[in-house]
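I opened a fresh page today to get to know a protein chain step by step. Come along and look things up with me.

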Amino acid sequence: MERTLVILKPSALQRRLVGEILSRFEKKGFILCGMKMMQLDEQILDEHYAHLVGKAFYPRIKKSMMKAPVVVCCLQGVNAIPVVHAMAGVTNGRNAAPGTIRGDFSMSVQENVIHTSDSAKTAQEEINRFFAPEELFDYDIATLHFLYSDDEVEMKE
């Protein structure tokens, strides 16, 4: 199974959508490995969005992400990275398909309630950026046999 990072942005907290969004991932079958609330600062944002720092719109991103705390989560599951990313929907909430998180809860490019990792490399970098190893947990899931068939994941006896 793979792990991925999810950030519930300040717009999700301000609009009181955290529980509803997390519920979608839990209902899908993802395993919550880590979760915490934090206030992002310029240093972590400049690192996280290093590929955007020189863009004209980057100050808007930074301002938005510092408006309020965020909730960062590490989720685990088979193909977690592409599935979580697809569940989020396209970046612009106005263009996101109904049924996706952004499609249901966003009308904005910036205030789009969620960030998800887009590749295995990015997921690992982002998880390491936001979580110390001792903040991530491996534990037995009693319902694992009902989420996956035995040949999809290694089942513990």
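**Entry 1: the whole chain.** I began with burial: of the 157 residues of the protein chain, 46% count as buried. I kept in mind that this is a predicted model. Next I looked up the surface, and the accessible area of the protein chain comes to about 8,800 Å². Carbon and sulfur atoms own 53% of that surface.

I then checked the overall dimensions. Along the principal axes, the C-alpha atoms of the protein chain fill a box of roughly 55 × 35 × 25 Å.

**Entry 2: helices and strands.** How many helices and strands does the protein chain have? I found eight helices and four strands. Reading along the sequence, I noted the pattern β-α-α-β-α-α-β-α-α-β-α-α. The radius of gyration is 16 Å, close to the 15 Å that the globule rule gives for 157 residues, so the protein chain is as compact as a globular protein of that length.

I also asked how far apart in sequence the contacting residues are. Among contacts with a separation of 6 or more, 75% join residues 24 or more positions apart.

**Entry 3: the largest nonpolar core.** Which residues of this core touch the most other members? The core has 20 residues, and my list reads V6, L8, I21, F25, V113 and I114. I then looked up where its residues come from: β1 (2-8), α1 (10-14), α2 (18-28), β3 (70-77), α5 (80-88) and α6 (101-105) each supply at least two. The largest share, four residues, comes from α5.

**Entry 4: a closer look at F25.** I picked F25 from that list. Leaving out residues up to four places away in sequence, F25 touches V6, F30, L75, V84, M87, I101 and I114. In α2, F25 is buried, and so are I21, L22 and S23. Just after α2, I came across G29, which takes a positive phi of about 120°.

I went on to the aromatic rings, and the structure holds two aromatic pairs. One of them joins F25 and F30, and this pair is edge-to-face. Their ring centres are 6.3 Å apart, with 75° between the planes. I checked both partners for burial: F25 is buried, and F30 is buried too.

**Entry 5: the cysteines.** How many disulfides does the structure hold? I counted zero. C33 is in no disulfide, and its nearest cysteine sulfur, that of C74, is 4.6 Å away. A disulfide needs the two sulfur atoms within 2.5 Å, so this pair does not qualify.

Are C33 and C74 buried or exposed? C33 has a relative accessible area of 2%, so it is buried. C74 is at 0% relative accessibility, and it counts as buried as well.

**Entry 6: M37.** I finished with one residue of strand β2 (residues 31-38), namely M37. Is M37 buried or exposed? At 55% relative accessibility, M37 counts as exposed, because the cut-off for exposed is over 50%.

Which residues does M37 contact, leaving aside neighbours within four places in sequence? I wrote down L13, P69, V70 and V71. V71 is worth a second glance: M37 and V71 are 34 residues apart along the chain, yet their C-alpha atoms are separated by 4.3 Å.

Methods
Residues numbered from 1 in each chain as written. Predicted model: local features only at pLDDT ≥ 70, side-chain atom pairs only at ≥ 80, totals over all residues. Heavy atoms only, no water. Buried < 20%, exposed > 50% of the residue type's maximum accessible area, 1.4 Å probe, protein only. Core = buried A, V, L, I, M, F, W, Y, C linked by side-chain atoms within 4.5 Å. Contact = heavy atoms within 4.5 Å. Phe/Tyr/Trp six-rings, centres within 6.5 Å; stacked < 30°, edge-to-face > 60°. Rg over C-alpha atoms; globule rule 2.2 N^0.38 Å. Areas by Shrake-Rupley, 256 points an atom, 1.4 Å probe, with all protein chains shown as cover.
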